[in-house]
Amino acid sequence: QGGWADAFDEFITDMVTYPSAFIKGPVVRRQRVLGYSRASDGTTIVEGTERLGPEYERVNPFNIYPEPGITHINEGYIFEHHPMSRSQLADLIGVPGYDEDAVREVLKIGNGQSWINEDTKLQEEEQERKYYSYESPTETFDALEFWGKVSGKMLLDWGLSEEDIPDPAKEYDANVWVVGNYVIKALLNYDPLGEKPYVKTSFIKAPGAFWGKGIPEIIEDLQNVCNAAARSLVNNMGLASGPQVEVNLERIPPNEDITQLHPWKIWQVTNDPLGSSAPAVRFSQPDSRANELMGVYDRFSKLADDHSGVPSYVTGDLNVSGAGRTASGLSMLMGSAGKGIRQIVMYIDNDVVRPIVQRQFVYNMRYDEDESIKGDVEVKARGAINLAVKETLNVRRVEFLNATANPIDVEIVGQDGRAALL
């Protein structure tokens with residue numbers, strides 16, 4: 001109901017592309033849903049209604065700005081940039097938690113000069129196939145969402161009560177929204193442990209660093225070599241597609257066209273003034289280096305497979321040499337390649353699934369009206385472990401079946417036992 005499936009799907013694409021990928025949630029929002037009620041005559045009435053519910057969303061990594069020098073999201077402060085249209089900002093008027101006067105003031109004076117680099121933004125939108133976005137007639141407001149420590153004095157100035165902020169000198173975990181010079185929202189962090197509603201992980205983690213590495217960064221140097229080989233291959237194909245022509249201009253009549261070649265062309269030439277018997281037109285054929293360049297390209301493509309941990313045969317490429325040419329050999333290679341992928345699944349388990357489920361559980365414990373479900377739970381994400389267990393179990397079963405495929409062992413195992421294993 002909170003949109004987890006869509007957010008997780010987009011998160012996976014971000015994780016293999018960018019240095020880090022983010023999911024935000026649970027964030028409580030108004031949801032428009034169908035409501036059912038009974039009329040006095042017993043008929044069912046179906047109409048739209050609103051409710052508050054937790055939602056999840058993928059966060060664009062380009063819109064996340066962490067505190068310099070931190071390793072984990074919950075260490076320091078973090079900013080999220082929200083490009084908002086005028087109508088989205090106007091929808092915040094009257095919403096609990098937002099300063100209505102500040103929102104109206106922002107709408108009255110406009111956004112002013114954007115601090116976003118326009119060239120970078122246009123490149124990003126072009127890659128996302130959002131063409132001609134600069135021609136949009138609607139004004140865009142740059143809202144900054146801040147999560148981190150804020151002094152009690154500032155929070156009191158922004159409208160929080162003295163009951164929430166007993167000591168102005170202390171620092172409090174807060175969530176603050178700023179548009180231009182106006183604070184449109186200031187609240188204490190609703191998480192009981194002061195954690196921020198973000199989770200992140202990377203395809204490859206860099207110890208001690210906030211940002212990790214995605215596949216494009218891992219294979220960048222190899223990709224540059226492949227690109228250079230492809231460019232050289234195309235150039236060589238062009239050069240080797242036809243002959244190089246050498247023309248003695250002293251033997252060519254003035255009106256002869258020497259810029260075009262075609263089959264059965266007749267060259268009109270004059271006598272060599274020096275009496276030489278050398279031809280007036282000479283042809284030489286450049287050598288094709290296509291095979292060598294293709295070999296370079298294939299070699300570095302395979303290196304990119306190895307460096308990324310996602311070999312081509314994992315995605316269905318049947319051109320596998322060596323051990324991969326047999327069924328059992330390919331199975332072993334697939335198992336080895338799967339170790340790296342299981343590591344990524346483990347990152348997702350520990351860094352994304354577990355904290356998200358834990359937060360959703362805490363949300364249910366705090367706000368659900370059904371007291372019978374209240375209790376204590378420790379969440380354990382077992383996706384990667386189960387993958388390894390299932391794979392090992394399957395390998396052992398096949399080994400056992402192969403080892404007992406003889407009359408003596410069949411008498412021990414029995415047909416029913418062998419059928420159960422199969």
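## A walk through the model, starting at β4

Start by selecting P66 and I78: I78, in β4, is the bridge partner of P66. Keep in mind as you go that this is a predicted model. Now widen the selection to residues 64-66, which make up strand β3, and residues 78-85, which make up β4. The two strands pair in the antiparallel sense, over 3 bridges.

Stay on β4 and bring in strand β5, residues 140-151. These two also run antiparallel, and 8 bridges join them. For one spot to zoom in on, pick H82 and look for A143, its bridge partner in β5.

**Salt bridges**

How many salt bridges does the structure hold? The count is 14, and here are three to visit.

Select E80 and K24. Their side chains meet in a salt bridge, 3.2 Å from N to O. E80 sits in strand β4 and K24 in strand β1, so this pair ties together parts that are 56 residues apart in sequence. Are these two buried or exposed? E80 counts as buried at 5% relative accessibility, and K24 is buried too, with a relative accessible area of 2%. Add E145 to your selection as well: K24, E80 and E145 are linked in a network of salt bridges.

Next, go to R29 and E57. They form a salt bridge, and the closest N and O atoms are 3.1 Å apart. R29 belongs to strand β1 and E57 to strand β2 (residues 44-59), so here the pair ties together parts 28 residues apart in sequence. R29 is partly exposed, with a relative accessible area of 26%, and E57 counts as partly exposed at 23%.

The third stop is R359 with E195, a salt bridge whose closest N and O atoms are 3.8 Å apart. This one links distant parts of the chain: R359 is in helix α9, while E195 is in the loop between β7 (182-188) and β8 (198-201), 164 residues away. R359 is buried, with a relative accessible area of 10%, whereas E195 is partly exposed at 28%.

**An arginine without a salt bridge**

Now jump to R251, in the loop between β9 (244-247) and β10 (281-284). What is the nearest side chain of opposite charge to R251? That would be D272, 4.7 Å away; R251 is buried yet has no salt bridge. Show the backbone around A278 as well, since the side chain of R251 reaches the backbone oxygen of A278 at 2.7 Å. To see the surroundings, turn on the residues in contact with R251 beyond four places in sequence, among them Q268, V269, T270, P279 and A280.

**The nonpolar cores**

Finally, select F11, M15, I23 and V352. In the largest nonpolar core, which has 18 residues, these four touch the most other members. Colour α1 (4-17), β1 (21-38), α6 (215-218) and α9 (327-367) to find elements that each supply at least two residues of this core. The largest share, 5 residues, comes from α9.

Zoom in on I23. Leaving out residues up to four places away in sequence, I23 touches W4, A7, F8, F11, E57, P197, Y198, V199, V352 and I356. You have already met E57 as the salt-bridge partner of R29.

One last selection: Y98, A102, A143 and V179 are included in a second, separate core of 13 residues. A143 should look familiar, as the bridge partner of H82 in β5.

Key: Residues are numbered from 1 along each chain as its sequence is written. This is a predicted model: local features need pLDDT of at least 70, side-chain atom pairs count only at pLDDT 80 or more; totals for chains, interfaces and linings use all residues. Side-chain values use heavy atoms; hydrogens and water are left out. Two strands pair if DSSP finds at least two bridges between them. Helices (H or I, at least four residues) and strands (E, at least two) are DSSP runs, numbered from the N terminus. Buried means under 20% relative accessible area, exposed over 50%, partly exposed in between (1.4 Å probe, protein chains only). Lys and Arg count as positive and Asp and Glu as negative; His and the chain ends are not counted. A salt bridge is a side-chain nitrogen of Lys or Arg within 4 Å of a carboxyl oxygen of Asp or Glu. A polar contact is a pair of N or O atoms within 3.5 Å; within protein, one must be able to donate a hydrogen and the other to accept it, and residues adjacent in sequence count only if both atoms are side-chain atoms. Contact means heavy atoms within 4.5 Å. A nonpolar core is a set of buried Ala, Val, Leu, Ile, Met, Phe, Trp, Tyr and Cys residues joined through side-chain atoms within 4.5 Å.
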